[in-house]
Amino acid sequence: MWGWRLLYPVRLFVTFLHEFGHAFGALISGGSVEYIRINPDSGGLTVTRGGSPGLIILGGYLGSVFFGNMLVFIGAARPKWIKPTLGAIIAIMAVTGIVWFNSIFTFIILGLFASLLYFVGFKTRYGRDCLFVMGVLSLLYILQDTAHGPSSDLQAFEMEIGLFPADVWMVLWLCLALIFAAVNLKFLIRSPGPPDRS
């Protein structure tokens, strides 16, 4: 129970990345976003209109994997990208909470996250650490979540795409996440760590 409470903000942040991944999948496939909701139990829901159903469903999981790896890479090896990245995250949270408004809880949580990221990233010297830790925790939570299976997305993907049962898609998605992480690690090993703090 204490572990669940300590990880509660991480769960909410990963849920935000996951739901924004669905929204991003809709936008890049020609659809639109009706709203994004983050629930107090750390679940979430994204309602879209149009676009590619398969890409929208897959976008939730791949979005979390991609954004988590991106945060790790920038936090570890690209100090000049830290403030622009934090600014982009804050802007996305503002759009999600205001333009795609659906619930007061979502609005408050994203407002708190955005305020905290602004303070840490622009008022302290821990922006790099913040991005790196968020990325690592997000990736770890994705792996743990996959062990139980993101059931709603897996079942929806099975119904939409077919080919394999949901359990097989779960293994394929996990393999894809591990490949992303391995490629990211390879780039990090080749990149010298930044000597300064941002």
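**Exercise 1.** Classify C130 and C175 by their relative accessible area, and state how many disulfides the structure holds.

*Solution.* Take buried as under 20% relative accessible area, exposed as over 50%, and partly exposed as in between, with a 1.4 Å probe and protein chains only. C130, with a relative accessible area of 17%, is therefore buried, whereas C175, at 39%, is partly exposed. With a disulfide defined as a pair of cysteine sulfur atoms within 2.5 Å, the structure holds zero disulfides.

This is a predicted model, in which local features need pLDDT of at least 70 and side-chain atom pairs count only at pLDDT 80 or more, while totals for chains, interfaces and linings use all residues. Residues are numbered from 1 along each chain as its sequence is written, and side-chain values use heavy atoms, leaving out hydrogens and water.

**Exercise 2.** Determine on which side of α4 its buried residues lie.

*Solution.* Begin with the buried residues of α4, which are I82, T85, L86, I89, I90, M93, T96 and G97. Because they cover an arc of only 135° around the axis (taken from the directions from the helix axis to the C-beta atoms), they lie on the same side of α4. An α-helix has 3.6 residues a turn, so residues three or four places apart point the same way. The face turned away from this buried side carries the exposed residues P84 and I98.

**Exercise 3.** Locate V99 and decide whether V99 is buried or exposed.

*Solution.* V99 sits in the loop between α4 and α5, and its relative accessibility of 58% is why V99 counts as exposed.

Terms used. Helices (H or I, at least four residues) and strands (E, at least two) are DSSP runs, numbered from the N terminus.
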